[in-house]
Amino acid sequence: MVSLLPVGALGLVLLSGVRGDAAKQGQDQGKAQAAVIAEMAIAPALDDADLTQGITAGQRDSLAKATDLALYHGSVLRMRLRNFNGQVIFSDDGSTSGGVPVTDPAFQSASLGTSAATLVRDAEAPGGQIIQVLQPVFARASGEAIGVLELYLPYDKIAARLHQQMVVTYRRLGVGLGLLYLAVSLISWSTTRSLRRYAARQAHEALHDGLTGLPNREAFRQRAADAVGERRDGAVVVVDLNRFKEVNDTLGHHAGDQLLRVITGRLRSALRAEDTVARLGGDEFALILPGLDAAGVRTLLERVRAELTREMVLDGVPLSIEASFGVALYPAHGDDVERLLRHADAAMYQGKRGAADIVIYSGERVAQPTQWLVVQAELRHALERDELVLHYQPKVRLADGVVTGVEALVRWQHPERGLLPPAAFLPAAEQSGLIEPLTAWVLRRALADQRAWTAAGRDWAVSVNVSARNLETPSFASSVIDLWNSPKRLVLEITETAVVDDVAAAQHALRELAAAGIGLSVDDFGAGYTSLGRLRGVPLTEIKIDRSFVEESPENRAIVRGVVALAHGLGCRVTAEGVETAEVAAWVAAAGCDDAQGYFYSRPVPWAQVPTLEGVR
């Protein structure tokens, strides 16, 4: 319809032009006929008469004879010969008045030697129109205009011929415009269809993942909002594949893409028809499970996990993929999509740090990774403003109660929240590059404080905790050795999970540190998954038994004795952590532990109070 408007307008313009051409053609034909009459009939009959003086009877008879035939046959309707003053010198009906006024532009133009033709209405004429022509009459001898011939010619015959021509023209014009409209319509239809397809494709791509075809994060938010708005119980689940990076690094990104497609198919097949699966990005997926309570969600996710862990073959390599599931229930855990996603994400990370693959959000007990961004920003400023402080807890030799060393424990003197323990900010630091400047700050401050108590006569070793990320940094060992500057006694405590996850670079860093004379200790032994093979490859000087094993029981006694035997066999000292009573101190000593650490001896104290720790003997 839109394309019809310009085509119709074009047709009207062309038709108007055709009508205008027809009128002009009639006027031109009238001028030509008047010129012939003036030259062939009027001028010879006048014989160069002076019209201002009138004409003779003979000249009048000659004019009558010359024009009678034209008037008789109707090729001329009326005729007047006038001088330049407007006086009628001769007329076909003998009248001596009337006609075009002298002041008329057409009469003035004819007086100057230029003919003028106009279509005028005449109710008595066939067709209602006639052609009025004002033609100058020229003297044959001088060639100058001597008068004006006023002719009225029939237009009906000219109009009939023009009508026939216009009918043909109209048909051709109609066919041409029809073909043009058809072409424009086809182009418009094709373009519109292409635009619709492009818009649909763009809309689909804006809400779907290009690799898997799943809804993307934006589409997931929209569908989750709809599901939450239904006021039914349900769950939002964040699914993160474990060790996906290893597939990309080992088999290549094409294998990683293939793996994501396989996982997509398995998720779809394991879920119900009313469930939604989306890809949030990378190896992270999200599920919407409407109409289920906590037990139903767990049952369904157990089925999904079983489907995901089935063995597959990529590039000829058989492998099994595991995943961590974080669950947020609605409306129990929130009625806002962003909040549910944060809670599900927090539960998923809790699962990655623990042994459970499926974790349901349980409130404040679950760490919130989304808050780590704020903590990281504040911690960066805390390092610049020197808001961190070190507290020290003594390590006591069980044989005689002598303090042999202290462990440096970092605290954050937050300007608004007061003194914060490590658990409030260390996880955020370990997830960013802040762990490296933080560890460097702790090392510098601990070694500086050690110089102060060494000068006071306390020759104690200082233990500093380091992260797995520190060990994997190529320059970590050399930077520690530069800060250490032997012969100060320094022990680096590494969490057991850090030893398990060490790569070759970390093993090399540990050997480099040990070769320089720096002690290496495994912290919280028994809380992780360290294998004996890994322990054999690390040059350790100490193993610290986790506090969960120092509570007296037959099982704990057997475990501690076994660890002591293992450690002594490796040439390491054994320290019991979390000793809080004299009874516990007695039984760990009887089990063979060399040292102990805990509230029974002293709580962590600021460095200025370290010299007073001598009283714990």
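Here are some worked exercises on the predicted model shown above.

A bit of housekeeping before starting: residues count from 1 along each chain as its sequence is written, and side-chain values use heavy atoms, with hydrogens and water left out. Since the model is predicted, local features need pLDDT of at least 70 and side-chain atom pairs count only at pLDDT 80 or more, while totals for chains, interfaces and linings use all residues.

**Exercise 1: the overall picture**

Task: Work out how many helices and strands the protein chain has, and what percentage of its residues is buried.

Solution:
- Start with secondary structure: the protein chain has 19 helices and 22 strands. These are DSSP runs numbered from the N terminus (helices are H or I, at least four residues; strands are E, at least two).
- Next comes burial. Of the 617 residues, 45% are buried. Buried stands for under 20% relative accessible area, exposed for over 50%, and partly exposed for in between (1.4 Å probe, protein chains only).
- Then the surface: about 30,800 Å² is exposed by the protein chain, and carbon and sulfur atoms supply 54% of that area. Areas like this come from the Shrake-Rupley method with a 1.4 Å probe; for residues, only the protein chains shown count as cover.
- Finally, contacts (heavy atoms within 4.5 Å). Among those with a separation of 6 or more, 64% are between residues 24 or more positions apart.

**Exercise 2: salt bridges**

Task: Find which residue E338 pairs with in a salt bridge, and where the two residues lie.

Solution:
- Fix the criterion: a side-chain nitrogen of Lys or Arg within 4 Å of a carboxyl oxygen of Asp or Glu. The structure holds 21 such salt bridges.
- Look up the partner of E338: R221, with the closest N and O atoms 2.3 Å apart.
- Place both ends. E338 belongs to helix α9 (residues 337-353) and R221 to helix α5 (residues 217-229), so this pair links distant parts of the chain, 117 residues apart.
- Check exposure: E338 is partly exposed at 32% relative accessible area, and R221 is partly exposed too, at 26%.

Task: Do the same for E378 and R417: where does each one sit?

Solution:
- The N to O distance in this salt bridge is 3.2 Å.
- E378 is in helix α10 (residues 369-385), while R417 is in the loop between β14 (403-414) and β15 (418-420); the pair therefore ties together parts 39 residues apart in sequence.
- Both ends are partly exposed, E378 at 27% and R417 at 47%.

Task: In the salt bridge of E387 and R385, decide for each residue whether it is buried or exposed.

Solution:
- The closest N and O atoms of E387 and R385 are 2.8 Å apart.
- E387 has 12% relative accessibility, so it counts as buried.
- R385 comes in at 52%, so it counts as exposed.
- One more item for the salt-bridge list: E407, E493, K544 and E577 are linked in a network.

**Exercise 3: rings**

Task: Classify the geometry of the pairs Y392/W453 and W453/W460.

Solution:
- Set the rules: rings of Phe, Tyr and Trp (its six-membered ring) pair if their centres lie within 6.5 Å; planes under 30 degrees apart are stacked, over 60 edge-to-face, and the rest tilted. The structure holds four aromatic pairs.
- Y392 and W453 are 5.2 Å centre to centre with 85° between the planes, and the pair is edge-to-face.
- Y392 is in strand β13 (residues 388-397) and W453 in helix α12 (residues 435-455), 61 residues apart.
- Y392 is buried at 0% relative accessible area, as is W453 at 2%.
- W453 and W460 have ring centres 6.5 Å apart and planes at 45°, so that pair is tilted. W460 is buried at 5%.
- Put together, Y392, W453 and W460 form one aromatic cluster.

**Exercise 4: backbone oddities**

Task: Identify which residues are joined by a cis peptide bond, and where R231 and D524, with their positive phi values, are found.

Solution:
- Recall the background: most residues other than glycine have a negative phi, and most peptide bonds are trans.
- The cis bond joins Y330 and P331, with omega about 5°. P331 lies in the loop between β11 (323-330) and α9.
- R231 has phi near 60° and is found in the loop between α5 and β6 (234-241); R231 is exposed at 71% relative accessibility.
- D524 has phi near 55° and is found in strand β18 (residues 519-525); D524 is partly exposed at 27%.
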